[in-house]
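Please open the model in your viewer and keep the sequence panel visible. The tour below proposes selections one after another.

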Amino acid sequence: MKIAFYDPPVLQTKPLRSAIPFHILLKPVGAGCNLKCDYCYYPQSEQQKAVPMIKAMLEPFIKNYVAAQPAYSKEINFVWQGGEPLLAGLDFYKRAVSLQKHYTPQGVRIINTLQTNATLLTPAWCRFLKQHDFIIGVSLDGPEEVHNRYRHNRKGNIGSYDEVIKGIRLLQQFEIEFNILTVIHDDVADLGREIYLHFVQLGGRYIQFQPLMLEGDALGQGFTLSAENWGKFLNSVYQQWQQHHHLGKVFVMNIEQVYSQYFTQVSTSCVHSERCGTNMMMETKGEIYACDHQADQRHYLGLFNGEKGLSDFVNSSVALPFGQNKSRRKECQQCDVKMVCQGGCPAHVNQSGRNQLCEGYYAFFSNVLKPVRQYARNAQGVQSWRREVLGIR
Ligand code: SF4
Ligand code: SF4
């Protein structure tokens, strides 16, 4: 008689899914960059060379990243950043895209977002980026004179403006949508009008202003940003945007985010979400941190080596106090712009426990919210707003 053998219990080979969607920002060349911008949040003097991501890690990472997203996710975002992520070379991204295709189940869309200084773009790059629908962010500081003051070659003697514009023209030629990202600090706080109009003139339709982060070279070089200047800058952009009737034509993310969060109660940015902690970052050797701006020992989550599922890292990250408590600070509870601010980024909270940009956020958000507050924060409110303000039926 033949004895029937039972199969041994199936080992857990597939990583567990996370209960919530998450991102892990990837740095395919670490801090490596062909430029040396004065306020870089990586101390560039210490990182002269690109440190490539461990080659063998790409496949297990992509497999795990896709498998660990919640079952209901219909979109999975890969975010490539640096340093300068184009230094990883076209073949690196070709392989990444083919692995994404291989591991992504049917019906799920992959979105690749890449933040670049645009100086290394070529027609070959653009063909690839267009073919695979990459969303491109270009770092640009403003008109030539402003940009070249802060963003230059590694010797510090040649500004990168002309090279960036060449890159932007290539993106436009290949009809690749791009978002202009600009870091704001005290020295440019009076230039909101010039900077904004320059971007519009260049054909920029998606623009985002980001407050200086006090880390890396920004600290060493003495860069600062006061709350007053942050508010002043954003309000002058808002004024220009209104005066030129750019609603629906030029998307300034800082303004759009207020409208969308007011009506939907959900923020498109981690900075203004009620909680954060699901935007992690992985360094080139697999070191995972809770956030790109919290890359220290307290926010280190461990090493990705393919053994531990990424959902475990998500669970550890969201349990950390920085993300859980971001909107719970005392001064925020009675604030009448809290619904769109939510306390800002914990990386801007100073030693006395206050967000150092608070007054700036308040000045800007109260201004943008003024004409919106008369509408209810629900579907009917947004419909009335679209009808009356945008003329959309
Ligand atoms: S610490 Fe700041 S940048 Fe990081 S996830 Fe939180 S809000 Fe976003
Ligand atoms: S404006 Fe200031 S007080 Fe108000 S929610 Fe933002 S950080 Fe908190």
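**The shell around ligand 1**

The shell around ligand 1 divides into seven nonpolar, four polar and no charged residues; here Ala, Val, Leu, Ile, Met, Phe, Trp, Tyr, Cys and Pro count as nonpolar, Asp, Glu, Lys and Arg as charged, and the others, Gly among them, as polar. This is a predicted model, in which local features need pLDDT of at least 70 and side-chain atom pairs count only at pLDDT 80 or more, while totals for chains, interfaces and linings use all residues. Residues are numbered from 1 along each chain as its sequence is written, and chains are lettered from A and ligands numbered from 1 in the order in which they are written.

Select the surroundings of ligand 1, including Cys-270, Cys-276, Cys-291, His-293 and Cys-345. A residue is near a molecule if its C-beta atom, placed from the backbone, lies within 6 Å of it.

**The shell around ligand 2**

Next, select ligand 2 with its neighbours, among them Glu-331, Cys-332, Lys-338, Cys-358 and Tyr-361. The elements that give two or more residues to this shell are α12 (338-341) and α13 (358-369); helices are DSSP runs (H or I, at least four residues), numbered from the N terminus. Which helix gives the most to the shell around ligand 2? That helix is α13, with three residues. The shell around ligand 2 comprises seven nonpolar, three polar and two charged residues.

**Two helices**

Finally, select α6 (residues 192-202) and α8 (residues 227-243), whose axes, 8 Å apart, make an angle of about 50°. Axes are lines fitted to C-alpha atoms, for helices over the stretch in contact, and angles run from 0 to 180 degrees between N-to-C directions.
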